[in-house]
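Q: I would like a close look at one part of this model. Please take me through the empty space inside the protein, then turn to the surface around the nucleic acid.

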Amino acid sequence: MRVRFAPSPTGQLHIGGARTALYNWLLARKHGGTLVLRIEDTDPERSTPENVEQILDALRWLELDWDEGPISQVERAGRHREQIDRLLADGAAYEADGAVRLRVPDEGETVVSDVIRGDVNFPHSSIDDFVIARSDGSALYNLAVAVDDLDMGIDHVVRGEDHLSNTPRQVMILRALGAEPPIYAHLPLLHGPDGKKLSKRHGAASVQALRDAGYLPEAVRNYIALLGWGLDAETTFMTTEQLVQGFSLERVSRSPAVFDEQKLRWMNGRYLRDLASAELARRLEAHTGRSGLEAAAAVAQEKMQTLADFWPLAAFLVERQPIDEDAWNRVMKEGADEALREARSALAEVEPFALEPVEAALRGVVERLAVKPKQVFQPVRVAVSGSTISPGIFESVVALGREETLARVDDALARLSTIA
RNA sequence: GCCGCCAUCGUCCAGGGGACUAGGACGCCGCCCUCUCACGGCGGAAACGGGGGUUCGAAUCCCCCUGGCGGUACCA
């Protein structure tokens, strides 16, 4: 089996393109086939090394590898020209107004056999003689694809449904060249939440945007695998091995799917929480460009859905943050100073400065003061984190350490007394 | 216009003649848990686009309509 994936060198790898890449990859890996990567654009202006590299980078991030390529259609212009000349010599094509057109018979039809959609018939009466080469001699997409697929021995073509209507043209070129077409599978398109074709204005529409937004590659892979395909009624989380094992083109849906970032977020959160905290820290460090995040990562892990959630939630564990004034005003009311004083002395003495003793010490304060837990914990939270929203207060205090915690509580106390 | 594809909760995925009172998940709502926010647990609302057939029986098969999408380029 030889499968090819042919992304356009637009710079960004579209999510639909990523799904196509994934399905091609799953197909090849499942059957021990060869995956050929071709950069699909006959225009050297678009097919720049920078643009190509960005696509490859996105594929690598998704951990989708390939066996041959990347091969650029631009590099194959000579071969395309040869085959155009051959079609001309055979009489299968002719020149008109400088451009080369393929002869399409008036009668009959071309049948495209599609694994997902069955046989699709295209009557020739609705297809004109179409252009295969521009007047400057350069090949057009349909010609280039057919020639490349033939030369590379491709037997499986998995691509978006937007190519279905072009397929009979490619089949006709292939037959004119004396070859039989490969097996086709046209995937349903991906739409945005508004039902329109997914694009940049739907937010994170590219793999790069997803990466920047703090999604994990394994979560993205799992999620996009489920856009147009499902193993059964229940299974949602699948490892790459399970994906490879379970995938089948025959089970791919025929109807378009909507990319739902909320579900991706949820899934990403699940993957995030399953990470060992050292691994999470490693990824956070790569994402934020900071180091020494392990303690904070462990504390914040339960609360994050994406890597980008980390900083707003846990920055106070890494460096002191300004206090949110709304939070201060809501929490630092009567009783707050007493709670803070008590908490301070309890924390000053607790030994060792670890999770259970710290929790016991702070709960002791609640008991002694005979107040509700939040009347102690919220002032401490605001003093320490600057916000009413934070990871668990005991975990946070321990991660911060005794010295830093006491310093922040002291500052809050000082501020309270100046106001009073 | 012409050609083609598609049609189950708001969304994704199941179900492909009887097991359907249509299942699971996200999201939403309520309750529980709880130091905030989350996580988690429990419960709830929520769908077979319409009309004709075929059949003892249709979400499932056929036809029509409607709707959505794609193509119809010297774009890919």
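A: This is a predicted model. The largest cavity holds about 40 Å³ of space. The structure has one cavity of 30 Å³ or more. Its lining takes in Phe-5, Ala-21, Leu-35 and Leu-37, together with Leu-59, Leu-64, Asp-65 and Trp-66. By class, that lining has seven nonpolar residues, no polar ones and one charged. Asp counts as charged, so Asp-65 is the charged residue in this lining.

Now the RNA. Around RNA strand B lie 64 residues. Glu-40, Thr-42, Asn-166, Lys-303 and Arg-381 are the closest. Of the RNA strand B atoms that come within 4 Å of the protein, 71% belong to sugar and phosphate.

The surface near RNA strand B is mixed in class: 24 charged, 23 nonpolar and 17 polar residues. Several elements each supply at least two of its residues. Among them are strand 5 (99-102), strand 7 (118-123) and strand 12 (257-258). Helix 16 (373-385) and helix 17 (393-400) are also on that list. Helix 9 (261-274) belongs there too, and helix 9 gives the largest share, five residues.

Some polar contacts involve a sugar or linking oxygen of RNA strand B. For Arg-117, an N or O atom in the side chain is 2.6 Å from such an oxygen. For Glu-234, a side-chain N or O atom is 3.5 Å from a sugar or linking oxygen. Asp-162 uses its backbone: a polar backbone atom there is 3.5 Å from a sugar or linking oxygen of the strand.

Methods: Residues are numbered from 1 along each chain as its sequence is written. Chains are lettered from A and ligands numbered from 1 in the order in which they are written. This is a predicted model: local features need pLDDT of at least 70, side-chain atom pairs count only at pLDDT 80 or more; totals for chains, interfaces and linings use all residues. Side-chain values use heavy atoms; hydrogens and water are left out. A residue is near a molecule or strand if one of its heavy atoms lies within 4 Å of it. A polar contact is a pair of N or O atoms within 3.5 Å; within protein, one must be able to donate a hydrogen and the other to accept it, and residues adjacent in sequence count only if both atoms are side-chain atoms. Helices (H or I, at least four residues) and strands (E, at least two) are DSSP runs, numbered from the N terminus. On a 1 Å grid over the protein atoms alone, a cavity is a set of points where a 1.4 Å probe fits but cannot get out, and a pocket is an open set with protein on both sides within 12 Å along at least five of seven lines; lining residues have an atom within 4 Å of a point. Grid points are joined across faces, edges and corners, and a volume is the space filled by probe spheres set on the points.
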